[in-house]
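Reader: I'm new to reading protein models. Could you walk me through this one, a step at a time?

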Amino acid sequence: MSTNEAKTLKSLKERAKEFDILLPFMEGREKGETKELIGTINTIVDYGFLPNESGELYAAFIVKERANKFYFGGTVITDRLTQLHTEGYYEAIKAEGLPVLMTEKKSKNNRTFTNVVFFPEQ
């Protein structure tokens with residue numbers, strides 16, 4: 001293999017790894033299940049957004065109470081974090097933390113979803 005071929009392969013390897021993009025806070029943490037967070041108050045201390053297969057963004061986040069894990073958010077938490085992010089609250093969330101209580105609710109169609117309440121003690 002020539003040097004030019006090695007450079008091309010390295011570039012290909014680097015490019016291929018881009019498909020497995022992680023947010024910086026995800027590295028060194030294991031994926032947790034959102035169900036672990038149901039019914040207890042947790043504090044979101046960082047978050048970001050990743051694209052799904054159709055290009056839509058979904059939230060990934062970490063909580064102070066489970067420092068060794070990261071979580072993927074469903075529709076409700078993704079929508080709410082997107083709104084807060086759009087309004088400029090990212091730095092405040094990282095600095096102060098965002099208390100959240102997740103509970104399971106049933107929709108009118110009898111489907112279970114995760115309800116999200118921020119600052120539940122207030």
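**How sure is the model?**

Author: Happy to! This is a predicted model, and across the protein confidence is lowest in helix 1 (residues 3-17), with a mean of 60, and highest in helix 3 (residues 90-96), at 97.

Reader: What is the average pLDDT of the protein?

Author: The scale of this confidence score runs from 0 to 100. Of the residues, 84% score at least 70. The average pLDDT of the protein comes to 87.

**The overall plan**

Reader: In what order do the elements run from the N terminus?

Author: Let's begin with the parts: the protein has three helices and six strands. Written from the N terminus on, with α for a helix and β for a strand, the elements run α-β-β-β-β-α-α-β-β.

Reader: In what order do the six strands sit in the sheet?

Author: The six strands form an open sheet with mixed pairing. Its edge strands are strand 1 (30-31) and strand 6, each of which pairs on one side only. The order in the sheet is 1-4-3-2-5-6.

**Around strand 3**

Reader: How many bridges join strand 2 to strand 3?

Author: These two strands form a hairpin with five residues between the strands, where G55 takes a positive phi near 90°. One of the facing pairs is P51 opposite L57 in strand 3. Strand 2 and strand 3 run antiparallel, and the number of bridges joining them is seven.

Reader: Which residue is the bridge partner of A60 in strand 4?

Author: Strand 3 and strand 4 also form a hairpin, with five residues between them. They run antiparallel and are joined by two bridges. In strand 4, the partner of A60 is F72.

Reader: How many of the seven residues of strand 3 are buried?

Author: A residue counts as buried when its relative accessible area is under 20%. In the protein, 28% of the 122 residues count as buried. Strand 3 is largely enclosed by the rest of the structure, because its buried residues number five.

**Helix 2 and its buried face**

Reader: Do the buried residues of helix 2 line one face or opposite faces, and within what arc do they fall?

Author: In helix 2, the buried residues are I77, T78, L81 and L84. They line one face of the helix, because, seen down its axis, they fall within an arc of 135°.

Reader: Which residues are exposed on the other side of helix 2?

Author: The buried residues of helix 2 pack against strand 2 (41-51), strand 3 (57-63), helix 3, strand 5 (98-106) and strand 6 (112-118). On the other side of the helix, the exposed residues are T75 and T86.

Reader: What span does helix 2 reach from its first C-alpha to its last?

Author: Helix 2 covers residues 75-86, which makes 12 residues. At 1.5 Å a residue, a span of 16 Å is expected. The helix comes close to that, reaching 16 Å.

**A lysine up close**

Reader: Is K69 buried or exposed?

Author: K69 is in strand 4 (residues 69-72). The cut-off for buried is under 20% relative accessible area. K69 has a relative accessibility of 17%, so it counts as buried.

Reader: Which side chain does K69 join in a polar contact of 3.0 Å?

Author: Leaving aside residues up to four places away in sequence, K69 touches R29, E30, G32, E36 and I62. The 3.0 Å polar contact joins the side chain of K69 to that of E36.

Methods. Residues are numbered from 1 along each chain as its sequence is written. This is a predicted model: local features need pLDDT of at least 70, side-chain atom pairs count only at pLDDT 80 or more; totals for chains, interfaces and linings use all residues. Side-chain values use heavy atoms; hydrogens and water are left out. pLDDT is the predictor's confidence in each residue, from 0 to 100. Helices (H or I, at least four residues) and strands (E, at least two) are DSSP runs, numbered from the N terminus. Buried means under 20% relative accessible area, exposed over 50%, partly exposed in between (1.4 Å probe, protein chains only). A polar contact is a pair of N or O atoms within 3.5 Å; within protein, one must be able to donate a hydrogen and the other to accept it, and residues adjacent in sequence count only if both atoms are side-chain atoms. Contact means heavy atoms within 4.5 Å. The expected span of a helix is 1.5 Å times one less than its number of residues. The arc is that of the directions from the helix axis to the C-beta atoms. Two strands pair if DSSP finds at least two bridges between them.
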